[in-house]
Protein chains: 2
Amino acid sequence: MLTNLTIALDMMGGDYGPRSSIPAAVSAVNANANLKLILCGNEQVIAKQLESLDSLSHPRLIIRHCNDVVTNACEPAVAIRSKKDSSMRVALDLVKSGEAQACVSSGNTGALFFMAHYVLKMLPGVKRPALISAVPTERKNPVYLLDLGANVHCDAQMLYQFGIMGSVVAGQALGCDNPKVSLLNIGAEDIKGHDEIKQAAQLMQQSDLINYIGYSEGSDIFSGKADVIVCEGFVGNVALKTCEGIAKLIMKKFTRALEKHVVYKCMAFMLAPIIKKLYKRVNPDQYNGASLVGLRGIVVKSHGNASAKAFHAAIDEAVKEVERQLPDKIAAIFEKTHSKDTVANQ
Amino acid sequence: MLTNLTIALDMMGGDYGPRSSIPAAVSAVNANANLKLILCGNEQVIAKQLESLDSLSHPRLIIRHCNDVVTNACEPAVAIRSKKDSSMRVALDLVKSGEAQACVSSGNTGALFFMAHYVLKMLPGVKRPALISAVPTERKNPVYLLDLGANVHCDAQMLYQFGIMGSVVAGQALGCDNPKVSLLNIGAEDIKGHDEIKQAAQLMQQSDLINYIGYSEGSDIFSGKADVIVCEGFVGNVALKTCEGIAKLIMKKFTRALEKHVVYKCMAFMLAPIIKKLYKRVNPDQYNGASLVGLRGIVVKSHGNASAKAFHAAIDEAVKEVERQLPDKIAAIFEKTHSKDTVANQ
């Protein structure tokens, strides 16, 4: 365990802003004696909320005042150009300068992605960063799904690189050497899908950096047959949000079905905590956040409507990634690939 | 109600073949006195199964012997070229010749799509047919989702046409004049998504054939905010199969959670029928099948692992589509568009 952990938080993002980020920050430093948090945002608002939680003078909660906020409606290009004193930008700058080892934000995903890309830059050899999250499966271990929306369209090389980065993340998180990597497709047979997927499958098959096990369909995501599932950002985003939608639908329909009968109605009351817990478990993005991989720094994106508990979970995720030194591990693999390519091209 | 309904069934497709298609055919004709079914497949196998159900001499169950079967591994091009006496092809030929008004198959989706396209041809003005299915929502009415995998990639014009066809299907099924049409995207804001989606949104916005309401995200599918949601086949297929997967996961995790406590264990037993019913309801594709729209004939695709009940539901869906005269209604709209375009180009 690292003894000196500093994480920068964008306190002003998401639907609840400081109402969820401040209780999360307080509980996170109280739970981890090695953790120092730099709270980026409006000093007055943060100080007032900290005071209400008797934590204004906490030695490991440092306020960094920022004049601006990146709103959800803000276009990424505008955010980069004119939001230099926003809580999101300052948090990223702190990672860039080395003052913080990671940053967490629940703000505008598109702006965060482009700003992180612009401020932190990519690791050598990486074509594009990707958004990755752990998704629950029928087995004990989750599956790591990427890209979740950072890149709308992806070519074969990008999908292949996502496979490598996903392997590193899953390998570290699950403690295994050869995570099983699969490509999300519309059928399990080789003839299915479009050219980019077929070419990516070939690249993965030929690579000794990836334990490629073939295609997965949407219904296979949760079976646990793969440790990493790769897809383009548009598809991953729709798949993850579809999960969120259907989980909500099932829970609602189930509760409604129970309420129709007196006997079941009493059960509904008793079952409520189980249903709630389950709903959280099948909504991993909402709970643990997603991470940007491929950058020269650690950035964790908490869900836009993250509660204090969910924001705390995203801080914990950032802590784990610092401890696992994810960017260094990914850089090492890409360096190996690069020197191999150079040798192959000589 | 039509008094003379004839539907051709591919008896040999899907995971269970005649084991599910024959009981489905028997129960369908028994439930609808106007319905005649032409059972395409191996005569011996069908006759034996019909006999076991005391229905060999049923006057409205006609066997049409076919020597061949399109397997799941069969490539579409091979199926078209060399499976002319397959149960799938014969069922489609019966629609083409007018002997049957619709056909139902639970066989190889890709082969069925290409063969139907080849045999029946497209309606004038339609660029590509699409696979559509009703998906449950939080409200009373379902939402019609298309394309579900018939076209891997789609350009703006195709997406726009899917919006028109989806409008006709939803309008007829829900009995409303102006179904709300939405495009599936990775965000609700105008700047989100790729060029094809943005262009399709423009086409829909400018059209008086579509009541376009803007973008939906994956999580909105089930909210009931739209009556029709349009996406490219790759995305729709992944979304639908993801629903199937997550529904299975939730049901499993819920049952497992209940089994951990003695009190809940008894409940699990009592709740089993509710859970089963709910699972079926959130798996519409598995239950009612999906339809190919845009062709000069009605083709309903039942799920590959359709039970007898599910195959019966797909036959009922085909009956409804015949009664609603869907291809004629779609043709009429496209004729209107075409004459408009001609006028506009003069």
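Trainee: Why is Lys127(B) called partly exposed?

Mentor: In this predicted model, Lys127(B) has a relative accessibility of 37%. Buried requires under 20% and exposed requires over 50%, so Lys127(B), at 37%, counts as partly exposed. Asp155(B) falls into that class too, at 29% relative accessibility.

Trainee: What makes the pair of Asp155(B) and Lys127(B) a salt bridge?

Mentor: The closest N and O atoms of Asp155(B) and Lys127(B) are 2.8 Å apart. The limit is 4 Å between a side-chain nitrogen of Lys or Arg and a carboxyl oxygen of Asp or Glu, so the pair qualifies as a salt bridge.

Trainee: Which parts does this pair tie together?

Mentor: Asp155(B) sits in the loop between strand S6 (143-146) and helix H6 (156-174) of chain B. Lys127(B) belongs to the loop between helix H5 (109-120) and strand S5 (130-135) of chain B. The pair therefore ties together parts that are 28 residues apart in sequence.

Trainee: How do you know that Asp68(B) and Lys83(B) form a salt bridge?

Mentor: The closest N and O atoms of that pair are 3.4 Å apart; the cut-off is 4 Å, so the pair is accepted. Asp68(B) lies in the loop between S3 and helix H3 (76-82) of chain B, and Lys83(B) in the loop between H3 and helix H4 (87-97) of chain B, 15 residues apart.

Trainee: Is Lys83(B) buried or exposed?

Mentor: Lys83(B) has 16% relative accessibility. The threshold for buried is under 20%, so Lys83(B) counts as buried. Its partner Asp68(B) has a relative accessible area of 26%, which places Asp68(B) among the partly exposed residues.

Trainee: How many salt bridges does the structure hold, and how many are between chain A and chain B?

Mentor: Over all chains there are 12 salt bridges, and 2 are counted between chain A and chain B.

Trainee: What makes Glu217(A) and Lys241(B) a pair that crosses between chains?

Mentor: Glu217(A) forms a salt bridge with Lys241(B), with 2.2 Å between the closest N and O atoms. The pair runs from Glu217(A), in the loop between S8 and strand S9 (228-230) of chain A, to Lys241(B), in helix H8 (residues 233-259) of chain B. Glu217(A) has a relative accessible area of 17%; the limit for buried is 20%, so Glu217(A) is buried. Lys241(A) and Glu217(B) also meet through their side chains in a salt bridge, at 2.2 Å from N to O.

Trainee: What area do chain A and chain B bury between them?

Mentor: The two chains bury about 5100 Å², with 76% of that area on carbon and sulfur atoms. The contact draws 53 residues from chain A and 53 residues from chain B. Glu138(A), Ile186(A) and Phe234(A) supply 14% of the area that chain A buries against chain B, more than any other three residues.

Trainee: Why are strand S3 and strand S8 of chain B said to stand at the edges?

Mentor: The open sheet of chain B has 11 strands in the order S3-S2-S1-S4-S11-S10-S5-S6-S9-S7-S8, with mixed pairing. Strand S3 (61-65) and strand S8 (211-216) each have a single partner strand, so one side of each is left without a neighbour in the sheet. Neighbouring strands are turned by 25° against each other on average, direction ignored.

Trainee: How do you know that strand S2 of chain B pairs with S3(B)?

Mentor: Pairing requires at least two bridges. Strand S2 (residues 35-41) of chain B is joined to S3(B) by 5 bridges, so the requirement is met, and the two strands run parallel. Leu37(B) has Leu61(B) as its bridge partner in S3(B). Helix H2 (residues 43-52) of chain B lies across S2 and S3 of chain B, at about 155° to S3(B).

Trainee: What makes S10(A) a partner of strand S11 of chain A?

Mentor: S10(A) and strand S11 (residues 298-301) of chain A share 3 bridges; at least two are needed, so they pair, and they run antiparallel. Leu292(A) has Val299(A) as its bridge partner in S11(A). The hairpin of these strands has 4 residues between them, and there Gly294(A) takes a positive phi near 105°. From strand S10 (residues 290-293) of chain A, Ala290(A) and Leu292(A) point one way, Ser291(A) and Val293(A) the other way, and all are buried.

Methods
Residues numbered from 1 in each chain as written. Chains lettered and ligands numbered in written order. Predicted model: local features only at pLDDT ≥ 70, side-chain atom pairs only at ≥ 80, totals over all residues. Heavy atoms only, no water. Contact = heavy atoms within 4.5 Å. Buried area = accessible area lost by both parts, 1.4 Å probe. Buried < 20%, exposed > 50% of the residue type's maximum accessible area, 1.4 Å probe, protein only. Axes fitted to C-alpha atoms, helices over the stretch in contact; angles between N-to-C directions.
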